[in-house]
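Please load the model in your viewer and keep the selection panel at hand. The tour below proceeds by selections, each followed by a description of what is to be found there.

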Amino acid sequence: MSDLNPVSPISSPASDAHYMQLALQLAQIAAQAGEVPVGAIVVKDGVVIGRGSNAPIASHDPSAHAEILALRDAAQHLKNYRLVDCTLYVTLEPCAMCSGAIQHARIARLVFGASDPKTGCCGSVLDLMAETKLNHHTKLTAGVLAKECGAKLSAFFAERRKK
């Protein structure tokens, strides 16, 4: 996936939008495979080091969410389960499982697109990122390309309802 190379190591609204576009490309791959269209990338020092597309159906693995797969890929790249100074971009607000993994990995910053009013754990249903009892606190940026991310999910489920 050579088109997933980074443009800028500096965090800004423009670079956040760029990286979210890359995550949206991965969401499209998930959709084409019949999976819920969620994509995620991990960026460190301006370099994409982890990628994931939702794959629980194909892999027969309930933990194969895009975020988990991107974290695994990044950890292999760094040869370390701690992803210090990394940013995770994901098209949909993470669930409890993914939020926990993000914190365990010590992701410095999480950027997500669409909110998830049913299972989102970064402010919608729960806010695990703000839980003061936890020992790691990931910085959060919500709503980056939210309209585009939400539209991809809505179109996927609308098409499924037709079948």
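What follows is a walk through a predicted model, from its core to a helix pair, then to strands, cysteines and loops.

**The nonpolar core**

Begin by selecting M20, I41, V42, L83, L88, I107 and L110, which are the residues with the most contacts inside the largest nonpolar core, a set of 37 residues. If you then colour by secondary structure, you will find that α1, β1 (39-44), β2 (47-53), α3, β3, β4 and α5 each supply at least two residues of this core, and that α1 gives the most, with six residues. In soluble globular proteins, nonpolar side chains tend to be buried together.

Stay with L110 and display its surroundings: leaving out residues up to four places away in sequence, L110 touches L88, V90, P94, I102, C122, M129, T138, K139, L140 and T141.

**The pair α1 and α5**

Next select helix α1 (residues 13-32) together with helix α5 (residues 146-162), whose axes come within 11 Å and cross at roughly 5 degrees. Angles under 35 degrees count as roughly parallel, and α1 and α5 are therefore roughly parallel to each other. To see the contact itself, show M20, L24, A27, Q28 and A31 on the α1 side, and E148, C149, K152 and F156 on the α5 side; these residues divide into six nonpolar, one polar and two charged. M20 thus links this stop to the previous one, since this residue also appears among those with the most contacts inside the core.

**Strand β3 and helix α4**

Move to T87, which sits in strand β3 (residues 86-92) and, at 13% relative accessibility, counts as buried. Apart from neighbours within four places in sequence, the contacts of T87 are I41, V42, V43, R109 and V111.

From there, select helix α4 (residues 96-104) and highlight C98, S99, G100, I102 and Q103, its buried residues. The elements against which these buried residues pack are α3 (66-78), β3 and β4 (109-114). Following α4 in the chain is R106, where phi is positive, near 65 degrees.

**The cysteines**

How many disulfides does the structure hold? The structure holds zero, and three cysteines are worth inspecting in turn. C86 is in no disulfide, the nearest cysteine sulfur being that of C98, 16 Å away; C86 is also buried, at 0% relative accessibility. For C121, the closest cysteine sulfur is in C95, and at 6.7 Å it is too far for a bond, the cut-off being 2.5 Å. C121 has a relative accessible area of 4% and is therefore buried.

C95 itself lies in the loop between β3 and α4 and is buried, with a relative accessible area of 15%. Draw a distance from its C-alpha atom to that of E67, 28 residues apart along the chain, and you should read 9.6 Å. Not counting residues up to four places away in sequence, C95 touches H65, E67, T119 and C121.

**Two loop residues with positive phi**

Finish with D45 and L145. D45, in the loop between β1 and β2, has a positive phi of about 55 degrees although it is not a glycine. L145, in the loop between β5 (139-142) and α5, likewise is not a glycine and has a positive phi of about 55 degrees. Which of the words buried and exposed applies to each? D45 counts as exposed, at 63% relative accessibility, whereas L145, at 18%, counts as buried.

Conventions. Residues numbered from 1 in each chain as written. Predicted model: local features only at pLDDT ≥ 70, side-chain atom pairs only at ≥ 80, totals over all residues. Heavy atoms only, no water. Axes fitted to C-alpha atoms, helices over the stretch in contact; angles between N-to-C directions. Helix = DSSP H or I, 4+ residues; strand = E, 2+ residues; numbered from the N terminus. Parallel < 35°, antiparallel > 145°, perpendicular 65-115°, else oblique. Contact = heavy atoms within 4.5 Å. Nonpolar A, V, L, I, M, F, W, Y, C, P; charged D, E, K, R; others polar. Buried < 20%, exposed > 50% of the residue type's maximum accessible area, 1.4 Å probe, protein only. Core = buried A, V, L, I, M, F, W, Y, C linked by side-chain atoms within 4.5 Å.
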